[in-house]
Amino acid sequence: MSTLSSSVQAREPARKAFGWKKLLRWETLLGLVVILDFLLNAKLSPYFLSPWTLSDASFNFTERAIMALPMALLIIAGEIDISVGSTMAMASVLMGLVAQAGFGTPMVCLTGVVVGLIAGGINGVLVTVFRVPSIVATIGTLSLFRGVAYAVIGDGVLKSYKPDFAYFGQGYVWGPVSFELVLFLVLAIIFAIVLHTTVTGRRIFAIGANPIAARLSGIRVDAYKFWIFVLLGAVSGLASVLLTSRLGSTRPSIATGWELEVITMVILGGISIDGGQGSILGVVLSALLIGCVTFGLSLLNVPGIVLAIVTGGLLIGVVALSSIVGYSGRRRRH
Amino acid sequence: MDRRGFIKTTAAVLGAAAVPAGFAGSARAAGEIRVGLVAKSLGNGFFVAVDKGAEEAAKQIGNVKIIFTGPTSTTAEGQIEVIQSLIDQHVDAIAISANDPDALVPICKRAMARGIKVISYDSAVGQDGRIVHVAPSSDELIGQALDKLAAAAAPDGKGKFAIVSATPTSTNQNAWIAVMKKYLSQYPGLELVSTVYGNDLADDSYREATALLQKYPDLKVIVSPSSVGIVASAKAVEDAKKVGQVYVTGLGLPSECAGHVEAGSIKSFAIWNPIDLGYATTYVAVDLVNGAKGPGNSLPDGRMGKISFDANGVGAMAVPFTYDKSNVEQFAKIF
């Protein structure tokens, strides 16, 4: 259980030889692949190495990357939520209605986050109170939330957003550095600190590794799980604010299929699907990797079907590779 | 280092730098105009045909490169990613068939802000997000074409005909039928006896067409300005064993109508030609890159003649293309 002990490792550097084990950490591997792909892109496309190109590229994955952070927490805690794309759609539709009713941008953003929060709460209650397995519960809400979005606006469109709303998904903080990117990096740092340096983070790992042992040792397992669901819902609402702002309009088909892309990011980032292991750094690197690979290929006009194959191949390849080189502890649980 | 040595070294460094640049597939050739052609989704025969037309135009104009691309599924988000990468390749023009007229506006504005000429074809982008829209046809042209098809289907251009439309509230179909009625006086032999509605559903359309055949035994032609209605009507005629007495025509897809053309219930029908659409779109895009102004002007589009855009930047390419026994099989493979 190397991740749990990442902070422990730091305190006991002399415990083991510095060499191979450290080099073969998942994050190191991912980092190397990111650098490799970055260099390859720069070599293959004359347009890649421009600050604006790189900034543009970041728009394609930041919203999903932001959702990947709380999703990582949830998967580490041993649960999963596949309703996040639909949560975004439902949040976006309600934001559209609020904007249509004449409310200003702060109210619109608040609506998005609160709708996400409530959606997350529903998932949390289903899992922790009604004891529905999370995958089943969220398959249900996946259809339910998307259905609500379609029921409200059908094949219509909501686009009465005020001009200043465009900032969240299209604005820049400084030069080519977008608001979305800054928000992602800030959130990543906060999530990393909470997960890797606090008691709360330690307990989340413990819950995922062995929920029964965690409960017996006095951790309020259900409360933790519930609040992570709520957090993921709220962040999905936030991502919906960003995406809606970027599109400048809402249709009920918004963010279709994003749940799997978010989960792909998390798994590629080295978070064990069985729970109990992983790091935020890994998730950030995998988001960068997916962004880099897909944008690099699309600059070369490689068709999207090939992109999908590459992403799938990457996932299987990296997971298999880590398994082959014998990740000490990574594959071992309980 | 002496002066000559310095020049030599500089030349060597520049030469080395030029080599990798030469390998890059997407680098720009001198003076080349690059047009990004964005489909609703890849793997759709219609857009493969559009690309074919675009390549034809590119060859004719010369020094034009078409970058044909699109998302895997028909989503606005996917198209935005594709447009983003075209912007970063510094293409000269982007032509889009939009999956969502509104959601693409911000990214298209961004493209235009960076000096790229953005147009839409087939399915429009909102007015703020494009310079012009190349519509495959217009209500006026379609209505007239439907009259012409009815006259061609009736023996000697004379006889009773009926219309199997979509729903009573279908905006497109109602506009086309209004135009048909307006120009009907040009065909004195034709008499419109009834307009019925099949609701764009196969079984409703079939039932309405069958009822027409019973009610008007001397009916010569059924016109259906709906791709569902035309197929259902043709089936009704075949099932009523009236092939040769009653002909069906209208707007339909070659792949769906080919069988009925073979069976003899459809002589000819029409729909826009995607090859021509890609061809005309490319010409318009290149015209704009070369400095032409869009809205309110007529732009030449090669063998199609020219296309005039109204003040809102919408232009209709041509009358719908007519398909019959001679070409339906060829196009049935496309869409």
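Helix α10 (residues 274-289) of chain B lies across β1, β2, β3 (93-96), β4 (117-121) and β5 (132-135) of that chain, and runs at about 160° to β4(B). Angles here run from 0 to 180 degrees between N-to-C directions, with axes fitted as lines to C-alpha atoms, for helices over the stretch in contact. Helices (H or I, at least four residues) and strands (E, at least two) are DSSP runs numbered from the N terminus. The model is a predicted one, in which local features need pLDDT of at least 70 and side-chain atom pairs count only at pLDDT 80 or more, while totals for chains, interfaces and linings use all residues. Residues are numbered from 1 along each chain as its sequence is written, and chains are lettered from A and ligands numbered from 1 in the order in which they are written.

The strands themselves are a good place to continue. In chain B, an open sheet of six strands follows the order β2-β1-β3-β4-β5-β13, with parallel pairing; two strands pair if DSSP finds at least two bridges between them. The edges are held by β2 and β13 (314-316) of chain B, each with a single partner strand, so one side of each has no neighbour in the sheet. On average, neighbouring strands are turned by 20° against each other, direction ignored. Strand β1 (residues 33-38) of chain B pairs with β2(B) in the parallel sense over six bridges, and B:Gly36 has B:Ile67 as its bridge partner in β2(B).

Turning to chain A, helix α3 (residues 26-44) and helix α15 (residues 280-299) of chain A pack at an angle of about 20°, their axes 9 Å apart. α3(A) and α15(A) are therefore roughly parallel to each other, a label for angles under 35 degrees. Their crossing is left-handed, meaning that the near helix is turned anticlockwise from the far one by less than a right angle. Among the residues that meet are A:Trp26 and A:Phe38 in α3(A) and A:Leu281 and A:Cys292 in α15(A); contact requires C-beta atoms, placed from the backbone, within 7 Å. By class, this contact has twelve nonpolar, five polar and two charged residues. Here Ala, Val, Leu, Ile, Met, Phe, Trp, Tyr, Cys and Pro count as nonpolar, Asp, Glu, Lys and Arg as charged, and the others, Gly among them, as polar.

A second helix pair in chain A joins α6 (residues 84-100) and α8 (residues 134-153), at about 25° and with axes 8 Å apart. The crossing of α6(A) and α8(A) is left-handed.

Note on methods
Angles under 35 degrees count as roughly parallel, over 145 as roughly antiparallel, 65 to 115 as roughly perpendicular and the rest as oblique. Two residues are in contact if their C-beta atoms, placed from the backbone, lie within 7 Å.
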